[in-house]
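Trainee: Before we discuss individual contacts, may I see the sequence and the model?
Mentor: Certainly; they are shown here.

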Amino acid sequence: MRAAPGADDRKAILHPHEQERYRTLERLAVGPAVDEYVEWYWAVRWDLRGRVPYFAEVLPFPCVHLTFERDGDRFGGFVNGVCTRKYVRELAGRGETFGVRFRPGGFGAFTGLDVGGLRDRAVPAAEVLPDIGDLADRVLAAPADAERRRLVEGYLRTRTRRDDPTYRLVLRIAAAMAQDPELTRVDQVTERFGISARTLQRLFRRYIGAGPKWVLRRYRLQDGADLLARGRIADLAALAADLGYFDQAHFTREFTAEVGMAPLEYAKNSLRSRDEVTSKVLPAS
């Protein structure tokens, strides 16, 4: 069963229309046994043999990923902590990744680990999950994504988990940050959920691996990139205000530093890529 596309199906993917020309992306739904911790499974494939490499860019979510990768000399399973910088992946030759995206805080709750030590790191899965055995070999040998999902979910179901009400609080807070664009400051979050800033900081480091201020800014920056890619460029000052920035200059500086180009340039590049893709799909009228 494929996961139905959601409102954020492309959110966080920079230059989404351009990326579609170089790789495929599929998402698969999660079974009820693990959906408290796992958001979805995903699969990326590319075949650029005879073509120049492509650098795919993403503004990562505050989530840990378990990935099974086959790409040139890279083969196996990896645990990828929260990435606090723009993630850039070179796609060259032929390769694929099957991934598990945990919910914000989900990997820390699922494993009992303090995920702060995984921030901005990717480590062999066996270093973090010593009981994973030969799962990576079996997943990458499976001929279809549905079978890969079955194998991974079978492994996840075997792990003992304890009830963790603190994780459920972290999950509610992260969901509010993601879904409510009016949440732009940490003090708004602490007031809404009735906890201190120090407690919030400690919980986010333990379960998510990054501080609450960074998580808030990342969600709003993703919102901005998504709106710009969809063509909202008429009033950048209003967009900056909607996203909680002090002014347009503040938004422009932060966006440029994170994405690598100014908002208007990014919007124009995204719309040009969209029009190029559309022109190849739709016949001329």
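Mentor: Let us begin with a definition: a residue is buried under 20% relative accessible area, exposed over 50%, and partly exposed in between. Please bear in mind that this is a predicted model.

Trainee: Why is R192 called partly exposed?
Mentor: The relative accessible area of R192 is 46%. Partly exposed is the class between 20% and 50%, so R192 belongs to it.

Trainee: What makes D180 buried?
Mentor: D180 has a relative accessible area of 19%. The cut-off for buried is under 20%, so D180 meets it.

Trainee: How do you know that D180 forms a salt bridge with R192?
Mentor: The closest N and O atoms of D180 and R192 are 2.7 Å apart. A side-chain nitrogen of Lys or Arg within 4 Å of a carboxyl oxygen of Asp or Glu is the criterion, and the pair D180 and R192 satisfies it. D180 lies in the loop between α6 (165–179) and α7 (186–193), and R192 in helix α7, so the salt bridge ties together parts that are twelve residues apart in sequence.

Trainee: What makes the contact of E69 with R89 a salt bridge?
Mentor: Their closest N and O atoms are 3.4 Å apart, and the limit is within 4 Å. E69 is in strand β4 and R89 in strand β6, so parts that are 20 residues apart in sequence are tied together.

Trainee: Why are E69 and R89 called buried?
Mentor: E69 has 3% relative accessibility, and R89 has a relative accessible area of 16%. Buried means under 20%, so the term applies to E69 and to R89.

Trainee: Where does R89 stand in relation to the largest pocket?
Mentor: The largest pocket holds about 840 Å³ of space. Of its 35 lining residues, R89 is among the closest to the centre, together with W42, V58, H65 and Y87. The lining divides into 17 nonpolar, six polar and twelve charged residues.

Trainee: How do you know that R220 forms a salt bridge with D223?
Mentor: The closest N and O atoms of R220 and D223 are 3.0 Å apart, and the criterion is within 4 Å. Both residues lie in helix α9 (residues 212–229), three residues apart, about one turn of the helix. R220 and D223 are both buried.

Trainee: What joins R45, R70, E96, D145 and R148 into one network?
Mentor: Salt bridges that share partners join them. The whole structure contains 24 salt bridges.

Methods. Residues numbered from 1 in each chain as written. Predicted model: local features only at pLDDT ≥ 70, side-chain atom pairs only at ≥ 80, totals over all residues. Heavy atoms only, no water. 1 Å grid on protein atoms, 1.4 Å probe; cavity = no way out; pocket = protein on both sides within 12 Å on 5 of 7 lines; lining within 4 Å. Points joined across faces, edges and corners; volume = space filled by probe spheres on them. Nonpolar A, V, L, I, M, F, W, Y, C, P; charged D, E, K, R; others polar. Helix = DSSP H or I, 4+ residues; strand = E, 2+ residues; numbered from the N terminus. Buried < 20%, exposed > 50% of the residue type's maximum accessible area, 1.4 Å probe, protein only.
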